[in-house]
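Reader: Hi! Could you walk me through this one? I'd like to start with a helix and then look at some loops.

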Amino acid sequence: MSYHHEQETLDNLQAWWAKWGNALTWLVLAALLAGAAYNGWNWWQRRQAAQAAVFYDTVQQAVASGDKAQIARVAADMEARFGGTAYAPLSALAAAKALYAAADVAGAKGQLQWVVDQARGDAFKAVARLRLAALLIDEQAYDAGLKLLSEPPPAFSGLYADRRGDLLAAQGKRDEARAAYQTALAALEHGDSSVRQLIQFKLDALGG
């Protein structure tokens, strides 16, 4: 290539850089930052999960102790520090069960409500709604319980129908309760036989 052509090429490159160089620099910088942010987020997520797994042992120890204050404290710590991990709803569900066993119904309801409102993962929310609806039966808050179960996830349709049957039966709505139990049996046709037996027992108890 002659000097003239080399100079012409150089001039063209300089002109192109003068027009687009700044934008290209920012584009490359943005791509690098995005990649760094993505890698950093993944690293942070893995670190959070690892720390939550370690702290989950503390939750289990508190649950085993039966100490209401300790259970509530460590569950709140898990939710505050690791609320975005799967260990937070697991801890809340375990804490709710332990608090209910320790006669702290309000504390149990609070843990279940946290899962309903804050947990990531529909399965956790579905389980929490079922358990919270059971507590509402004890409080005779039947309409609130039915509202909780108004939109059952497909995988939980049978269990939700069973719990609706419990709520309706407690209200004295025998026909509606019977229909709910029949729906539950149909949905759980291939499910756990012991669960089906219990539902059938409740259905038989309603008569008709």
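Reader: Which residues of α9 are buried?
Author: Happy to help! Keep in mind that this is a predicted model. In α9, the buried residues are Ile199, Lys202, Leu203 and Leu206.

Reader: Where do they sit when you look down the axis of α9?
Author: They fall within an arc of 100 degrees, so they line one face of the helix. As background, an α-helix has 3.6 residues a turn, so residues three or four places apart point the same way.

Reader: Nice. What do the buried residues of α9 pack against?
Author: Their packing partners are α7 (157-170) and α8 (174-187).

Reader: And which exposed residues are on the face turned away from the buried side of α9?
Author: That face carries Gln197, Phe201, Asp204 and Ala205.

Reader: How far apart are the end C-alpha atoms of α9?
Author: They are 20 Å apart, which agrees with the 20 Å that its 14 residues should span at 1.5 Å a residue. Just after α9, Gly207 has a positive phi of about 70 degrees.

Reader: Switching to the loops: which residue other than glycine has a positive phi near 70 degrees?
Author: Ala103 does. It is in the loop between α3 (87-101) and α4 (105-118). For context, most residues other than glycine have a negative phi.

Reader: What about Gln140, is it buried or exposed?
Author: Gln140 counts as exposed, at 58% relative accessibility. Gln140 also has a positive phi, about 60 degrees, without being a glycine, and lies in the loop between α5 and α6 (142-148).

Notes
Residues numbered from 1 in each chain as written. Predicted model: local features only at pLDDT ≥ 70, side-chain atom pairs only at ≥ 80, totals over all residues. Heavy atoms only, no water. Helix = DSSP H or I, 4+ residues; strand = E, 2+ residues; numbered from the N terminus. Expected span 1.5 Å × (residues − 1). Buried < 20%, exposed > 50% of the residue type's maximum accessible area, 1.4 Å probe, protein only. Arc of directions from axis to C-beta. Contact = heavy atoms within 4.5 Å.
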